[in-house]
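Subject: Structure handover and notes

Hello,

As promised, I am handing over the structure that we talked about, and I would ask you to keep it open while you read. My notes on what was found in it follow below.

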Number of protein chains: 4
Amino acid sequence: MMDVVDTYRQTAHRGAVRSEASRTAILGATTRLVLERGYDHLTIEGIATEAKVGKQTVYRWWPSKGALVAECMLEGLLLPAEFLPPTTGTLRDDLTAWLRELLGFVTAPANDTLMRSLIAAAIENETVAERLNSTLGTSSALVNRLTLAVAVGELPSSAPVTEISESLVGALILQILTRTHSDPDRAESFVSAVLGPVEPG
Amino acid sequence: MMDVVDTYRQTAHRGAVRSEASRTAILGATTRLVLERGYDHLTIEGIATEAKVGKQTVYRWWPSKGALVAECMLEGLLLPAEFLPPTTGTLRDDLTAWLRELLGFVTAPANDTLMRSLIAAAIENETVAERLNSTLGTSSALVNRLTLAVAVGELPSSAPVTEISESLVGALILQILTRTHSDPDRAESFVSAVLGPVEPG
Amino acid sequence: MMDVVDTYRQTAHRGAVRSEASRTAILGATTRLVLERGYDHLTIEGIATEAKVGKQTVYRWWPSKGALVAECMLEGLLLPAEFLPPTTGTLRDDLTAWLRELLGFVTAPANDTLMRSLIAAAIENETVAERLNSTLGTSSALVNRLTLAVAVGELPSSAPVTEISESLVGALILQILTRTHSDPDRAESFVSAVLGPVEPG
Amino acid sequence: MMDVVDTYRQTAHRGAVRSEASRTAILGATTRLVLERGYDHLTIEGIATEAKVGKQTVYRWWPSKGALVAECMLEGLLLPAEFLPPTTGTLRDDLTAWLRELLGFVTAPANDTLMRSLIAAAIENETVAERLNSTLGTSSALVNRLTLAVAVGELPSSAPVTEISESLVGALILQILTRTHSDPDRAESFVSAVLGPVEPG
DNA sequence: GGCTAATCGAGACGGTACGTCCCGTCTTTAG
DNA sequence: CTAAAGACGGGACGTACCGTCTCGATTAGCC
């Protein structure tokens with residue numbers, strides 16, 4: 001919490017200090033407007049008005065729409081939290097559970113505009129891309145789960161854990177892009193795609 | 001060729017017929033400007049000027065920037081062609097060769113702005129998304145190659161060919177989004193992610 | 001009647017002859033649209049649509065909006081007819097009767113937009129100006145009445161009949177321009193302005 | 001001066017104050033363009049470009065071309081000043097001198113486009129009409145001169161001074177409308193039209 | 001009766017201007 | 001020194017009409 005504060009509060013200064021109320025209002029307004037209207041159609045002017053704040057106050061602290069959205073994601077205002085794969089069963093079961101939840105969230109009619117907005121923001125802004133990738137699991141959590149599987153012998157040590165992780169997250173993003181309202185049951189198939197089909201018997 | 005003509009020329013009409021010269025000029029201008037400046041920064045006004053055409057002539061035939069870009073893709077103006085997986089060796093070799101080429105193309109410094117532009121366009125426009133997906137191989141060619149592999153016994157019949165295909169293309173798109181300039185040698189790893197590691201010996 | 005026909009029908013020709021139906025429809029549409037929306041806001045495109053006629057058919061026969069309106073006036077479609085001063089009583093009575101009627105017409109709420117439209121058209125188009133001037137009486141009828149008055153000794157032979165006429169019509173136009181909804185009773189005062197006050201006794 | 005400022009500067013405000021430089025540049029550009037090209041052919045876009053100003057800055061402060069021209073007239077940028085009838089001789093001489101000057105100005109080839117432009121503007125915009133009328137003398141100066149004439153017995157007390165005034169100005173406007181390049185010597189005749197012919201002997 | 005021309009409706013075309021929205025910057029007053 | 005308010009020059013939006021042009025379908029005098 002402390003370090004988040006440090007990112008926006010200057011240490012030594014004279015005169016008024018940055019208003020936390022404004023910052024909160026701006027991020028809240030951004031969140032609301034992204035959800036309502038999507039990333040394109042999002043305007044700085046609209047955010048300032050919605051937040052009852054001067055335009056300059058926005059420009060003073062954020063260089064672009066993308067940066068604003070990135071900070072909203074960091075604050076967890078746009079996505080519920082990180083989607084973490086469980087460590088409770090077999091690799092296959094854990095991955096399937098994780099992917100099923102994510103697939104359900106991502107293709108829900110209420111969320112698909114949001115998800116496309118986040119991809120749009122990610123294209124413009126590298127920080128958003130990183131954060132999106134990380135929220136969906138690739139950057140660490142998913143890799144960790146796979147690494148664990150290697151450690152316990154569920155996967156051979158030659159398994160390309162990074163690429164498996166990216167394949168799963170990538171497949172997810174492709175669903176968003178193509179507007180495919182995939183059945184959550186496809187989670188099993190996607191997991192089979194990277195772990196191989198379930199052995200019969 | 002005939003059918004392409006039919007898509008834009010009405011058969012029964014009164015009044016002057018649509019100008020093929022204008023249509024070509026507009027698509028050419030769009031292509032040039034997307035390549036030069038990217039999808040955002042692409043403006044209808046700029047396209048009309050570049051094509052030496054009235055703005056209304058653009059609006060008369062295309063509802064949005066996205067539709068324009070979609071038609072450019074259909075005409076093969078933006079991407080070289082379809083990237084087709086070969087059918088010349090083992091599945092693993094064919095997929096690796098295909099992915100290596102695509103990975104090289106996609107992460108080439110000259111192309112990455114274009115690829116992000118195409119994703120941006122895909123977000124706005126479903127037709128672009130479909131066409132992008134199809135050009136990168138998912139929709140049919142790649143699935144066909146995998147189906148063939150099932151037929152000749154290289155893959156078990158239970159292999160989820162659609163999901164394997166989407167995982168590979170998705171991984172590719174994730175490279176674009178995260179601006180990862182992946183080494184083409186990672187192609188092998190990605191293929192291993194879906195086919196399993198190379199068996200030793 | 002014959003000569004009116006001659007103005008639009010070529011004498012020697014081959015091929016289809018000018019359609020009287022179209023001409024009538026166009027003039028009718030022009031009349032309706034001027035009355036509804038005023039001279040500005042009048043568009044050739046609107047006229048063609050309203051008349052169910054091709055745009056070119058308008059342009060083929062009339063060079064401008066002004067010319068169209070001028071022809072409408074010639075056909076008596078826009079103004080009831082000419083306002084002619086009577087020759088039934090004294091000059092003063094006749095002029096007063098004439099001016100009273102005109103003042104009533106011109107400042108009627110239903111007509112004032114029309115009258116301003118006609119002035120607007122007159123500014124753009126000399127023919128409209130002449131026709132407007134003539135309809136209001138200046139060019140001949142009013143001058144004739146005044147000349148008659150000179151002949152019968154009601155006015156001295158040195159009376160500047162043209163200038164008296166233009167003063168009366170000019171005063172009328174000024175009422176239109178300034179949007180003054182003058183009481184028709186002012187007719188007497190205007191006549192007194194040019195004939196001198198009524199002699200007492 | 002102070003009061004002119006007050007008409008456009010709000011007293012209580014927050015944020016930057018209206019730029020006097022922009023206002024002046026816009027009115028100057030409007031004046032130049034009306035004189036060069038006439039009231040029709042005057043475009044907001046052209047004014048903004050000529051004034052090196054954003055279009056919105058024009059729209060922010062003026063609702064229409066007419067309002068712009070009206071303000072130019074108020075600032076005395078379009079017409080030299082008011083044309084005031086002198087009070088130096090007999091009524092007849094004073095009116096003749098005044099009308100001669102005005103007739104000369106109005107029908108000068110250099111000014112007749114301007115005058116028609118002003119009438120066009122007057123039709124669209126009541127404020128222009130009032131200002132035009134007042135500049136040409138009707139609203140007060142001319143009436144005052146006539147009232148003085150009544151006071152000193154040059155005119156009978158029953159003389160309709162307002163109507164005489166409107167007749168003279170109206171006659172002037174009719175010259176403009178009909179594009180009559182009247183000889184300034186007609187001034188005498190017009191004056192005779194309202195004062196009666198010069199008594200012989 | 002076929003040929004030739006002109007007219008007609010429809011509407012596409014290259015343009016100009018409209019009036020609006022937003023951009024990112026600058027200027028002012030208040031705290 | 002921050003903040004709100006908002007004016008500024010600028011760029012693009014999508015629309016309305018301009019006047020010209022190009023179609024296929026009539027229509028009417030002429031061989």
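I begin with one pair of side chains, those of Arg179(C) and Glu126(D), which meet in a salt bridge with 3.9 Å from N to O; a salt bridge here is a side-chain nitrogen of Lys or Arg within 4 Å of a carboxyl oxygen of Asp or Glu. Before going further, please keep in mind that this is a predicted model, in which local features need pLDDT of at least 70 and side-chain atom pairs count only at pLDDT 80 or more, while totals for chains, interfaces and linings use all residues. Residues are numbered from 1 along each chain as its sequence is written, chains are lettered from A and ligands numbered from 1 in the order in which they are written, and side-chain values use heavy atoms, with hydrogens and water left out.

Chains C and D

The pair just named belongs to an interface for which the rule finds six salt bridges between chain D and chain C. On the chain D side, helix H7 (112-124), helix H8 (126-135), helix H10 (161-177) and helix H11 (186-195) each supply at least two residues that touch chain C, where helices are DSSP runs of H or I with at least four residues, numbered from the N terminus. H10(D) gives the most to this side, with twelve residues, and by class the side has 18 nonpolar, eleven polar and eight charged residues. For these classes, Ala, Val, Leu, Ile, Met, Phe, Trp, Tyr, Cys and Pro count as nonpolar, Asp, Glu, Lys and Arg as charged, and the others, Gly among them, as polar.

The contact, meaning heavy atoms within 4.5 Å, takes 37 residues from chain D and 37 residues from chain C. Together these two chains bury about 3000 Å², of which 65% is on carbon and sulfur atoms; buried area is the accessible area (1.4 Å probe) that two parts lose on being put together, summed over both.

Chains A and B

Between chain A and chain B, 37 residues of the one are in contact with 37 residues of the other, and the two chains bury about 3000 Å² between them, with 65% of it on carbon and sulfur atoms. The count of salt bridges between chain A and chain B is six, and the side chains of Arg186(A) and Glu163(B) meet in a salt bridge at 2.9 Å, N to O. H10(A) gives the most to the side of chain A that touches chain B, with twelve residues.

Chain A has no contact with chain C, their closest C-alpha atoms lying 33 Å apart, and no contact joins chain A and chain D, whose closest C-alpha atoms lie 10 Å apart.

DNA strand E

Which residues come nearest to DNA strand E? Of the 40 residues around DNA strand E (those with a heavy atom within 4 Å of it), Lys55(A), Gln56(A), Gly15(B), Lys55(D) and Tyr59(D) come nearest. Sugar and phosphate account for 63% of the atoms of DNA strand E that come within 4 Å of the protein. Phosphate oxygens of the strand lie 2.7 Å from a polar side-chain atom of Tyr59(A), 2.9 Å from a polar backbone atom of Ile44(A) and 3.2 Å from an N or O atom in the side chain of Ser22(C). H4(B) gives the most to the surface near DNA strand E, with four residues, and by class that surface has 13 nonpolar, 16 polar and eleven charged residues.

With best wishes

Conventions:
Polar contact = N/O pair within 3.5 Å; in protein donor to acceptor, adjacent residues only side chain to side chain.
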